[in-house]
Amino acid sequence: MTLPLANLPVSRRYFLERTALAAALAAFPTSSLLGCGDDDDSAAGMPLSAEPGSPWWLQNNFAPVEREIEATDLLVRGSIPPEINGTYIRNGSNPRSKRSPHWFLGDGMLHAVRIENGRALWYRNRYVRTPFYEANVTFDEALEAGLPPFAGNNQSNVAAIYHAGKLLTSGEVGAPYEIDPVELSTVGVHDFEGRLGTSFTAHPKIDPATGYMHFFGYGFGNPYLTYHVADDRGELINTQPIEVGRPTMIHSFAITDSDVVFWEFPVVFDFERAVDSIIGAFQWEPEYGARIGVMPLNGRGDEIRWVEVEPRYVFHEVNAYRDGDDVVVDVSHHPEMFRSGTGLGNSDTSLRRWYIGTAGTQLTFREEIVSDLELELGSHDRRFTGRPHRYGWLVETRDNPQTVDLGGTALVDFATGRIDIWEPGITRHTNEAYFVPGGPGEGEGWLLTFVHDHASHRSVLAVLDALDVARGPVTEIEIPARAPYGFHATFIAA
Ligand SMILES: [Fe+2]
């Protein structure tokens, strides 16, 4: 796609300076996420369909579903654990027009399953009714349609978040939306009573001790990064600009019980590159440097301290915590990202543990490689967000140059280093594993993930024992429609 910035109307430049578009590009990294056009069909795993002219994100189970449906009393194989009472809701990209410049730039669609007392009561899928959806325009057509993409003008397609009694969706670009958790109808833009002046990350963190939601937004104009806190009633109580040198893509961050951790890595937005391509405007510039910052939880932006590290890229962490003078963060590490074009390239992912020393006047940094398996989309028991954790769950990605090829579900025991993986079979693909508590201890509970079989074209919501993932699903709930591969989920209990 081409976006001629040289002749930009003021509104487009304004949007670029105010929003964080590329986040949408960042929601879903894998070692094999390439731009379209690679016709190597030698890889095992998920094939492309017989539409060589169509990009991978419009084919197979990436293709959008055309209908919004609802179904009741879903078929259940196995028994649904009694602790799972609530609604599972997952967001994803589903271009209404069936056209999209990238997988990450389709209209947000929610897929939800309601579970009560051992029964799967209903399934429902609904678009987020954004102005882009209503106008039926793609991301790159929005401006011409009079919808400069900032504030509510976004696709709200990356994450579902539940906080202070509200279900929110985030596209990482612009403001979040509030959604009715039963009907999945769109209530409207949620801008914290007009006080949110930045974008809203797809990865806010809710402190389990206070119920406060910590989040950030990034954009193209100074301040490029802004930290926010909403209290347990959902009121925005703290907004702090964070000084950084240039606009970079920052997809997630972490908290401990006393710290906020940002990582600013060298995927840099450049206005000149945006002349040719918005997507290509974010590129790998290792000379910009890489740094990790720590500031007090709910503190001031000018209290942040940074430590320089070797260039690398991280989209997703598993969790973080404070251990004495160290801040410990587990992350999926990519040696580089967005080196050229729209492709993310083969990035040789590894799971790493950071130790950020905070005792001296200067932060220190060291890291360990936990595993060199290709593991991404980390999740944890959110009762332990920001607290010492033993377990993490991630999605194994398969080496497939044609497309994103999600494989099995991995349980990482950080205490022993042991990794157990449920490999669902070469035609089956998991998504992010969302943890639902089932007992008092860390990890005692269940994982929920959509699983799609590209051979049978069937989708299920699988339930795995979080501490025994290798056993495979204890329950599968049939989804009466295809649930395309998507992004991030939440679960509203009771
Ligand atoms: Fe993400």
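Select His228 and Thr239 to begin: His228 stands opposite Thr239 in strand E13. The model is a predicted one. Now show the whole of E12, residues 225–230, together with E13, residues 236–242. Six bridges join E12 to E13, and the two strands run antiparallel.

Next, move to the other partner of the hairpin that E12 forms with E11. Select residues 213–218, which make up strand E11. E11 pairs with E12 over six bridges, in the antiparallel sense. Six residues lie between these strands in their hairpin. To see a facing pair here, pick His214, which stands opposite Val229 in E12.

Stay on E11 and show its side chains. Which residues point which way from E11? Met213, Phe215 and Gly217 point one way, while His214, Phe216 and Tyr218 point the other, and all are buried. Because six of the six residues of E11 are buried, the strand is largely enclosed by the rest of the structure.

Then add strand E10, residues 205–206. E10 is joined to E11 by two bridges, and the strands run antiparallel. Ile206 is the residue to pick, as it stands opposite Met213 in E11. E10 and E11 also form a hairpin, with six residues between them. Select Gly211 in that turn: its phi is positive, at about 75°.

With E10, E11, E12 and E13 displayed together, the view holds an open sheet of four strands in the order E10-E11-E12-E13, paired antiparallel. E10 and E13 stand at the edges with a single partner strand each, so one side of each has no neighbour in the sheet.

Leave the sheet and select Phe414. Where does Phe414 sit? Its place is in the loop between strand E26 (406–413) and strand E27 (419–422). Phe414 counts as partly exposed because it has 19 C-beta neighbours inside 10 Å, and a residue needs 20 or more to be buried. Now add Asp330, Val370, His389, Arg390 and Gly392, the residues in contact with Phe414 once its neighbours within four places in sequence are left aside. For one of these, His389, draw the C-alpha distance to Phe414: the separation is 7.9 Å, with the two residues 25 apart along the chain.

Finally, zoom out to the protein chain, which has four helices and 33 strands. Of its 494 residues, 53% count as buried. Among contacts between residues at least 6 apart in sequence, 59% join residues at least 24 apart.

Note on methods
Residues are numbered from 1 along each chain as its sequence is written. This is a predicted model: local features need pLDDT of at least 70, side-chain atom pairs count only at pLDDT 80 or more; totals for chains, interfaces and linings use all residues. A residue is buried if 20 or more other C-beta atoms lie within 10 Å of its own, exposed if 12 or fewer, and partly exposed in between; C-beta atoms are placed from the backbone. Two strands pair if DSSP finds at least two bridges between them. Two residues are in contact if their C-beta atoms, placed from the backbone, lie within 7 Å.
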